[in-house]
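Here are some exercises to help you find your way around a new structure. Try each task on your own before you read the solution.

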Amino acid sequence: MASFLNKVGYLSKLLPRQECLNHRRRYGLKSPLCYDIAVIGGGIVGSASARELALRHPTLKIALLEKENCFAFHQSGNNSGVIHAGIYYKPGSLKAKLCVEGLNLSYKYLDKKGIKYSKCGKLIVATNRAEVPRLLDLYDRGLQNGVKDIQLLDAKEIKEAEPNVNGIQAVWSPHTGIVDWGEVTRSYVKDFEQCGGKSYLTFDVTSFIEGDNSEYPVVISDKKENTIQAKYVLTCCGLHSDTVAVLTGCPEEPKIIPFRGEYLYLSPQKSTLAKANIYPVPDPRFPFLGVHLTPRIDGRVIVGPNAILAFSKEGYRWGNVSVKELREILAFSGFQKMALKYAGFGLKEMSRSIFIPLQVKQIQKYIQNITSNDVERGPAGVRAQAMGKDGTLIEDFVFDSKPGSGAIGSRVLHCRNAPSPGATSSLAIAKMIADKMKDEFRF
Ligand SMILES: Cc1cc2nc3c(=O)[nH]c(=O)nc-3n(C[C@H](O)[C@H](O)[C@H](O)COP(=O)(O)OP(=O)(O)OC[C@H]3O[C@@H](n4cnc5c(N)ncnc54)[C@H](O)[C@@H]3O)c2cc1C
C-alpha cells in the first residue's frame, strides 16, 4: 500500500495540477494514475497481451493489474505444462488456428529467452476398437489444422516408441512439448516492464465507473479503493471473466463454471515408464482431454487431471467452498441442464477424486505397470469453463467486444473464454487481441 501511495508523487508528473486535485477531491486521497490501456488479469493471456501492446505501442502508457501477490497464480501456474500441437480442435476454429500459431511462436520465444523446455512429443493411444474411429478422426483433424509431422502408429510401432505403453493404434505428435507456463508468464511480464509497462499486484478490481476526465474516462477501483484511470481496458480474468464483464455492463453469459482438475504424482521409480506425454482418446462429449501422463520440466511425472465441479471459483481443494459462488452456480439454468445430462459422469469423476485406485485404473488402460502404490496426491488446477444458458460447454476462445452499457462498455474488450490450449496459444492470442484493440479503439 505504501508503495502505491508513493506513486502519488509520480502522478503529479503525469497530470496537470488542477486535474490531479479534481481527481483527489472526487476519489479521495488515494489519487488515481492515468494509463492509455489497463490490462486486468496477470495470467498468461493478460501478460502476453500487455507485452504485445507495449511492444507495438512504445509511446502508450500501459498498466497490468493483478489481484494476487504474484503473476500466474491461477490457471496459468496450475496446469499440465504441455505445449499442445493443435490436433484436437475443430478445423477453422480459433483454437485450431491460434494453437498451431502459438506453438511456433512459443518455441521461438523459449529459445530466445533461454527458458527450459522439452520437445518430448505426445502419443494419443487407442486401447480398443471402439476408440479407433475417433483416433482416426483426430489424425484427420490434425492434418486439416496444419499440425506438422503427425503419424499414425500401429501396436508394434507404439511398443517401439514407448515400450511400456499398450495400445492398438496411436497418433504420434513429435512437436508436442512441455514447459513451465508460470515461468513463461513471468517472463512476459518482465518484457512488458522492460518496454515501460507498469504492473500492479494485489490490485483486485471491483468497479469500473465513468469519471469526468474525458481523456481517461474509465475509473477502475480495487477493493482497497485504489484507483487507476484508463482510456481503454482489456480484461483477461480467467475464472472471474464473467463477474468482471458484468462490472462493465456486459451480460453474465457466458458464465464461468469452475472445474477442478486434480493430478497424482508418479513415484520417482516409475517416472521413467514413458518419455513422452501419453494421452487417451478423448471423450467427444467433453471439452477435457482425459487423464494423461505428463513428464514435467522439473523432472516429476504427473497423472491427471480429472474434472470435478469446484465449490468455488478458486476451489483447489474439496474444503474450498464459497457459499455465494456455489449458490450462483447451482442457480444457473445452464449448469442445471448440464448437471442433469452428465450426472453419471460427474458422480464417477467425484468417486475417482476420492478413491485414488479408481483414477489409477484410467491410466492402467494404456500403462499397466502402474499401481496405486506408485502414486501420491499432487497439485490441482481449476479450469474456467464457459457455459451458455442452455447448458452447452463453450469450447472455443471468446473475445467479446460487444459493448456493454454506456461510455465504459465501448472502451472495454473482454477475453471471456480462454481454456486449454490457452497457454500454448498465448502469444498468438495476444497478437489477435492487439489487432482487435487497434481496430476497435483506433489508437
Ligand atoms: C488443469 C488445467 C490444465 C491445463 N493444461 C494446459 C496445458 O497443458 N497446455 C495449455 O496450453 N493450456 C492448459 N490449460 C489452459 C491454460 O492454463 C489456460 O488456458 C490459461 O492459463 C488461461 O490464462 P488466463 O490468463 O486467461 O487465466 P488465468 O491464468 O486464470 O489468469 C487470470 C488472472 O486474472 C486475475 N484476476 C481475476 N479477477 C481479477 C480482478 N477482479 N482484478 C484483478 N485481477 C483479476 C486472476 O487472479 C488471474 O491471475 C490448462 C488449464 C487447467 C486449469
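A residue counts as buried if 20 or more other C-beta atoms lie within 10 Å of its own, as exposed if 12 or fewer do, and as partly exposed in between, with C-beta atoms placed from the backbone. Keep in mind that this is a predicted model, where local features need pLDDT of at least 70, side-chain atom pairs count only at pLDDT 80 or more, and totals for chains, interfaces and linings use all residues. Residues are numbered from 1 along each chain as its sequence is written.

**Exercise 1. Find G211 and decide whether G211 is buried or exposed.**

Start with the location: G211 sits in the loop between β10 (205-210) and β11 (218-222). (Helices, H or I with at least four residues, and strands, E with at least two, are DSSP runs numbered from the N terminus.) Next, count neighbours: 22 other C-beta atoms lie within 10 Å, so G211 is buried. Then look for contacts, meaning pairs whose C-beta atoms, placed from the backbone, lie within 7 Å. Leaving aside neighbours within four places in sequence, G211 touches P217, V219 and Q229. Finally, check A407: A407 is 196 residues away along the chain, yet the two C-alpha atoms are separated by 10.0 Å.

**Exercise 2. Do the same for R327: is R327 buried or exposed?**

R327 belongs to helix α9 (residues 323-331). R327 has 10 C-beta neighbours inside 10 Å, so R327 counts as exposed. Now pick V179, 148 residues away along the chain: the C-alpha atoms of R327 and V179 are 36 Å apart.

**Exercise 3. Work out which residues of helix α12 are buried, and what covers them.**

In α12 (residues 356-364), the buried ones are Q359, V360 and I363. These residues span an arc of only 100 degrees around the axis, which puts them on the same side of α12. (The arc is that of the directions from the helix axis to the C-beta atoms.) A handy rule: an α-helix has 3.6 residues a turn, so residues three or four places apart point the same way. The cover over the buried residues of α12 includes β13 (255-266), β15 (292-295), β16 (301-304), α11 (343-354) and β18.

**Exercise 4. Describe strand β2 and its pairing with β1.**

Take the faces of β2 (residues 62-65): I62 and L64 on one side, and A63 and L65 on the other, are all buried. Then look at the partner: β1 (residues 33-40) and β2 run parallel, over 4 bridges. (Strands pair if DSSP finds at least two bridges between them.) One spot to check is I40, which stands opposite L65 in β2.

**Exercise 5. Which strands form the open sheet of 3 strands, and in what order?**

The order is β3-β8-β4, with antiparallel pairing. The edges are β3 (82-83) and β4 (117-118), each pairing on one side only. Between β3 and β8 (residues 177-179) there are 2 bridges, and V82 stands opposite I178 in β8.

**Exercise 6. Name the domains and say how many residues meet between them.**

The assignment gives domain 1 (2-74 + 182-253 + 397-441) and domain 2 (256-391); such bounds come from an automatic or database domain assignment. Across the boundary, 11 residues of domain 1 are in contact with 12 residues of domain 2. On the domain 1 side, α8 (241-247) and β20 (412-417) are the elements that give two or more residues.

Terms used. Contact = placed C-beta atoms within 7 Å.
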